[in-house]
Amino acid sequence: MKLILLGAPGAGKGTVAKMLTAVDGSVQISTGDILRGEVQAGSDLGRQAEEFMNRGDLVPDSLIMGIMEKRLQQPDCANGFLLDGFPRTIPQAEALKELLNKLNIKLDMVVNIDVPREVLLDRLTTRRTCTNSDCQAIYNVKSMPPKKEGVCDKCGSPIVQRDDETVEAITHRLETYNDKTAPLVGFYEKEGQLQTITGTSSDAVVNAIKSELGM
Ligand code: ADP
């Protein structure tokens, strides 16, 4: 499947994407995971992105498009991909449309995961993320704690609260979402590609996507 997952921070895009990769071997492409990997590696790209990320601001479109242009041409994308956290702005959506045309790739649909704001805030402040950049598993201290406190079940690395998960940065990320990313809902509606799924359970969202795709 070739999907874009839209939704506010905390809507469950990453969790849904990870569940969908198990369905048909499509790969999850998370620009947030790629950027955090670059920051940890101390690369040029990471250094350029870090300040924006810690403040809860978006990284400039040009950096993101450079990442995505390379990523979408890697062979593992041929079987399908789930775009998680990209596109995040109208210019990114327009650039993606051009890129997909150039690469001759057709999307199946754009899924808008719609979750109430109170749920988003609660999830983001209780979320914990694995520090291993190759894993980045997601936990929640309330609803999905790891078996051993502070340690990733999958790889044994420490799990932490992300630097951009302070109440201040979260509030700013939600504002940025409303200003810059929410307009993509209208953009993809016009393109005739949008499906909105309202729901707070990731299982229900995954089932709704599978049924839309006839799987
Ligand atoms: P979440 O969806 O939980 O907010 P992500 O892991 O997707 O978090 O992104 C974390 C940060 O990485 C964002 O706040 C932003 O600074 C940066 N980022 C990720 N994807 C993009 C993108 N497509 N465009 C601009 N910045 C991005």
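Visitor: Over how many bridges do strand E4 and E8 pair?
Guide: In this predicted model, strand E4 covers residues 109-114 and runs in the parallel sense with E8. Within this pair, Ile113 stands opposite Ile197 of E8. The number of bridges between E4 and E8 is five.

Visitor: Which strands stand at the edges of the sheet?
Guide: The sheet is open, has five strands with parallel pairing, and follows the order E2-E3-E1-E4-E8. An edge strand has a single partner strand, so one of its sides is left without a neighbour in the sheet. This applies to strand E2 (27-30) and strand E8 (194-198).

Visitor: By what angle are neighbouring strands of this sheet turned against each other on average?
Guide: The sheet in question is the open one with the order E2-E3-E1-E4-E8. With direction ignored, the average turn between its neighbouring strands is 25°.

Visitor: Which residue in E3 is the bridge partner of Ile29?
Guide: E3 is joined to strand E1 (residues 2-6) by four bridges, and the two run parallel; here Lys2 stands opposite Phe81. E2 is likewise joined to E3 by four bridges in a parallel arrangement. The partner of Ile29 in E3 is Leu83.

Visitor: Which residues of strand E3 are buried on its two sides?
Guide: In a regular strand, side chains alternate between the two faces of the sheet. Strand E3 (residues 81-84) is covered on both faces. One side holds the buried Phe81 and Leu83, and the other holds the buried Leu82 and Asp84.

Visitor: Are H2 and H4 roughly parallel or roughly perpendicular to each other?
Guide: Two packed helices are described by the angle between their axes and the distance between the axes. For helix H2 (residues 31-41) and helix H4 (residues 61-71), the angle is about 105° and the axes are 11 Å apart. Angles of 65 to 115 degrees count as roughly perpendicular. H2 and H4 are therefore roughly perpendicular.

Visitor: How many residues of the contact of H2 with H4 are nonpolar?
Guide: From H2, Thr31, Ile34 and Leu35 meet Ile64, Ile67, Met68 and Arg71 of H4. One residue of this contact is polar and one is charged, while the number of nonpolar residues is five.

Visitor: What arc do the buried residues of helix H3 cover around the axis?
Guide: Helix H3 (residues 44-55) has Leu45, Gly46, Ala49 and Met53 as its buried residues, and what covers them includes H2 and H4. On the other side of H3, Asp44, Arg47 and Glu51 are exposed. The buried residues lie on the same side of H3 because their arc is only 80°.

Visitor: Which residues of H8 make the contact with H5?
Guide: Helix H5 (residues 90-103) and helix H8 (residues 183-190) pack at about 30° with axes 9 Å apart, and are therefore roughly parallel. H5 contributes Ile90, Ala93, Glu94 and Leu96 to the contact, and H8 contributes Pro183, Leu184, Phe187 and Tyr188.

Visitor: Which residue does a cis peptide bond join to Phe86?
Guide: Most peptide bonds are trans. Here omega is about -10°. The residue joined to Phe86 is found in the loop between E3 and H5, and is Pro87.

Visitor: Is Gln136 buried or exposed?
Guide: Gln136 lies in the loop between strand E5 (127-130) and strand E6 (138-140), and has a positive phi of about 50° although it is not a glycine. Residues under 20% relative accessible area count as buried. At 5% relative accessibility, Gln136 is therefore buried.

Technical notes: Residues numbered from 1 in each chain as written. Predicted model: local features only at pLDDT ≥ 70, side-chain atom pairs only at ≥ 80, totals over all residues. Heavy atoms only, no water. Pairing = 2+ DSSP bridges. Axes fitted to C-alpha atoms, helices over the stretch in contact; angles between N-to-C directions. Parallel < 35°, antiparallel > 145°, perpendicular 65-115°, else oblique. Contact = heavy atoms within 4.5 Å. Nonpolar A, V, L, I, M, F, W, Y, C, P; charged D, E, K, R; others polar. Buried < 20%, exposed > 50% of the residue type's maximum accessible area, 1.4 Å probe, protein only. Arc of directions from axis to C-beta.
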